[in-house]
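Trainee: I would like to go through this structure piece by piece. Please reason from the coordinates and finish each reply with what I asked for.

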Amino acid sequence: MIDQSHFDDDAMTLSFDIYTEQLGLAAGLGISLFVLIGLIRRLFEPAERRMHIWAMMAFFAINALDMLDSILFDGPFTGPAALYQWQDVLIPGFMVSLYFFVRGLTSSDPHLRQTDWVHVLPFAFALLCLAPSLALPGQMRIGLDAMNIGLPQQRLIAFGENAFWILWILVLILYGGICIRRLIRHKRVIRDLFSDLTGKTLRWLDGLVATILLLALIVIVDEILILAGLPKLRSGMVGVAFDLVLAIAFGVFALRANPPLPRWSKDIKTDQKHQIPKPEQPQDTGTSYARSGLQAEDLERYAKRLDARMSKDHLWRDHDLNLRSLAAAIAVPPIHLSEVLNSHLGLSFYDYVNQFRIKDACDLLATPGLSILEISETVGFNAKSTFNASFRKVTGQTPSEWRRRHL
C-alpha cells in the first residue's frame with residue numbers, strides 16, 4: 001500500500017520552498033526599488049560627478065526587473081508569455097553597470113569615452129545567443145504550447161542557451177577582474193594623494209572588493225553546476241539569502257559612495273602609469289623621467305627642499321595636508337612632488353608624511369604632560385585608531401607601550 005502522507009509531506013516541503021523563494025524575491029525587489037528611489041534623489045544633490053549614481057541606477061533597475069521576472073515565471077504565478085526570457089538579455093548589465101560604478105568612483109574626471117561602445121557587445125552577444133529561442137512564440141517558450149519544431153531547431157536553441165550562460169560566466173570573470181584590479185590600484189592612488197586616510201573610503205573599498213569577489217564566485221560556481229546538469233546552489237533559503245545580501249550590500253555601497261579623488265589628481269595618476277625607475281635601481285645623472293622631463297639632480301634638489309621645509313615648519317601637523325598643498329608649500333608642481341616621492345624616495349605621500357608624524361609623536365610621548373589622544377591630534381592624525389595603527393606599523397609597539405619604555 002502506498003503511503004499517501006509521504007507524498008503530502010514532500011508536496012508541502014516543495015510548496016514551502018517555492019513560497020519562501022517568492023518571499024525572498026519580493027523582499028529583494030522592494031529593496032531594489034527603495035535604493036532606486038534613493039539614487040534618484042541623489043541626482044538632485046549639488047555634485048559634479050554622477051557616473052557612479054547612473055551606473056548603480058542601471059544595476060538596480062536590472063536587479064528589480066530580474067526579481068520581477070523570477071516572481072512572474074519561476075513560482076506559482078504566470079506572467080505575460082511574450083515577455084518570457086527577454087530579461088535574460090539584460091543579465092550582462094549587472095557586471096557592465098558595476099564596472100561603470102567602480103570607474104565613476106576611481107576616476108578624477110569620469111566621463112564616457114568613444115571606446116565605451118565596446119561595453120554594448122555583451123548585450124549584443126546575449127541577444128544573438130538567445131535569438132533562436134526568442135524567435136519562438138511566447139506560449140511556446142514558456143511551455144504552455146507544444147514545441148512543434150524540428151530537431152535541428154531544438155538543437156540550435158539548446159546550443160544558444162548554453163552559449164549564453166557560458167558568455168555570462170566569461171562576463172563575470174572579465175568584468176569582476178577589471179573591477180577588483182581597478183579598486184586595488186585606486187587604494188594605492190589614495191595613499192599617494194592624502195596624508196590622512198580617515199574618511200577616504202579605504203575600508204569600503206576592501207568591502208566592495210570582497211563583495212564582488214564572493215558574489216561573482218557564487219554565481220560562477222552555480223552556473224557551472226547548472227550547465228553540468230547538477231543541482232544549483234541558489235535554491236530555497238540559500239537563494240533567498242543570496243538575493244537579499246546582493247541587494248542590501250550593493251544598496252549600501254550605492255547610497256553611501258562618494259568619489260574621493262579631486263580633479264587635480266588626474267595628471268598625477270596619469271604620470272604614475274608612465275614612471276619607469278624604481279627606488280632600488282641606480283640612476284644616471286643625466287637620466288630624465290617619463291613625462292615630467294625631470295633629471296636625477298632635479299629630483300635630489302626637490303627632495304632636500306621638501307625635507308628642509310617639512311622639518312622647519314612642521315607641515316605634517318596640518319590635518320588636511322595633501323599632495324597639492326604640500327607641493328604649493330615647496331613651490332613645485334604636484335606632478336613633480338609625486339615623482340620625487342614615488343620614484344626618488346620610494347614612498348607614498350601618506351607614508352612619507354606619517355614618518356614625520358610618528359617621529360614627532362615619539363618625541364612627545366617621551367615627555368609627560370600630554371595624553372596619547374592629544375599627541376595624536378597634535379601630530380596631525382584625525383583619529384586615534386589611525387594613529388595607533390600607524391605607530392605600531394612604524395615602531396612595532398603601541399603608543400602606550402612606547403611611552404612606558406621611554407619615560
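**Helices, a surface patch and salt bridges**

The model is predicted. In it, Val118 sits in the loop that runs between helix 3 (93–106) and helix 4 (121–134).

Trainee: Is Val118 buried, partly exposed or exposed?

Mentor: Buried requires under 20% relative accessible area and exposed requires over 50%. Val118 has a relative accessible area of 34%, so the residue counts as partly exposed.

Trainee: Which residues make the nonpolar surface patch of about 510 Å²?

Mentor: Val118 is a member, and Val118 belongs to the loop between helix 3 and helix 4. The full set that makes this nonpolar patch is Trp117, Val118, Leu121, Phe125 and Leu128.

Trainee: How many of the residues of helix 3 are buried?

Mentor: The length of helix 3 agrees with expectation, because 14 residues at 1.5 Å each should span 20 Å and the end C-alpha atoms are 20 Å apart. Helix 3 is mostly covered, and the number of buried residues is 14 of 14.

Trainee: How far apart are the end C-alpha atoms of helix 10 (residues 296–313)?

Mentor: Helix 10 has 18 residues, so at 1.5 Å a residue a span of 26 Å is expected. The distance in the model agrees with that: 26 Å.

Trainee: Which residues of helix 10 are buried, and which are exposed on the other side?

Mentor: The buried ones are Ala296, Asp298, Leu299, Tyr302, Ala303, Leu306 and Met310. They cover an arc of only 150° around the axis, which puts them on the same side of helix 10. An α-helix has 3.6 residues a turn, so residues three or four places apart point the same way. On the other side of helix 10, the exposed residues are Lys304 and Lys312.

Trainee: What do the buried residues of helix 10 pack against?

Mentor: The buried set includes Leu299, Tyr302 and Leu306. The partners of the buried residues are helix 11 (323–329), helix 12 (334–345) and helix 13 (349–365).

Trainee: Which residue just after helix 10 takes a positive phi?

Mentor: Helix 10 covers residues 296–313. The phi in question is about 50°, and it belongs to His314.

Trainee: Where do Asp206 and Lys187 lie, and how far apart are their closest N and O atoms?

Mentor: The structure holds nine salt bridges, and Asp206 with Lys187 is one of them. The pair links distant parts of the chain, 19 residues apart: Asp206 is in helix 7 (residues 202–227) and Lys187 in helix 6 (residues 151–193). Asp206 is partly exposed at 39% relative accessibility, and Lys187 is partly exposed at 29%. Their closest N and O atoms are separated by 2.9 Å.

Trainee: Which residue forms a salt bridge with Asp360?

Mentor: The closest N and O atoms of this pair are 2.8 Å apart. Asp360 lies in helix 13 and its partner in the loop between helix 10 and helix 11, so the salt bridge ties together parts 43 residues apart in sequence. Asp360 is buried at 8% relative accessible area, whereas the partner is partly exposed at 30%. That partner is Arg317.

Trainee: Which residues are linked with Asp351 in a network of salt bridges?

Mentor: Asp351 forms a salt bridge with Lys393, with closest N and O atoms 3.9 Å apart. This pair joins helix 13 to helix 15 (residues 384–395), 42 residues apart. Asp351 is partly exposed at 26% relative accessible area, while Lys393 is exposed at 62%. The residues linked with Asp351 in the network are Arg191 and Lys393.

Conventions. Residues numbered from 1 in each chain as written. Predicted model: local features only at pLDDT ≥ 70, side-chain atom pairs only at ≥ 80, totals over all residues. Heavy atoms only, no water. Helix = DSSP H or I, 4+ residues; strand = E, 2+ residues; numbered from the N terminus. Expected span 1.5 Å × (residues − 1). Buried < 20%, exposed > 50% of the residue type's maximum accessible area, 1.4 Å probe, protein only. Arc of directions from axis to C-beta. Contact = heavy atoms within 4.5 Å. Patch = residues over 30% accessible without salt bridge, like charges linked within 9 Å, V, L, I, M, F, W, Y side chains within 5 Å. Areas by Shrake-Rupley, 256 points an atom, 1.4 Å probe, with all protein chains shown as cover. Salt bridge = Lys/Arg side-chain N within 4 Å of Asp/Glu carboxyl O.
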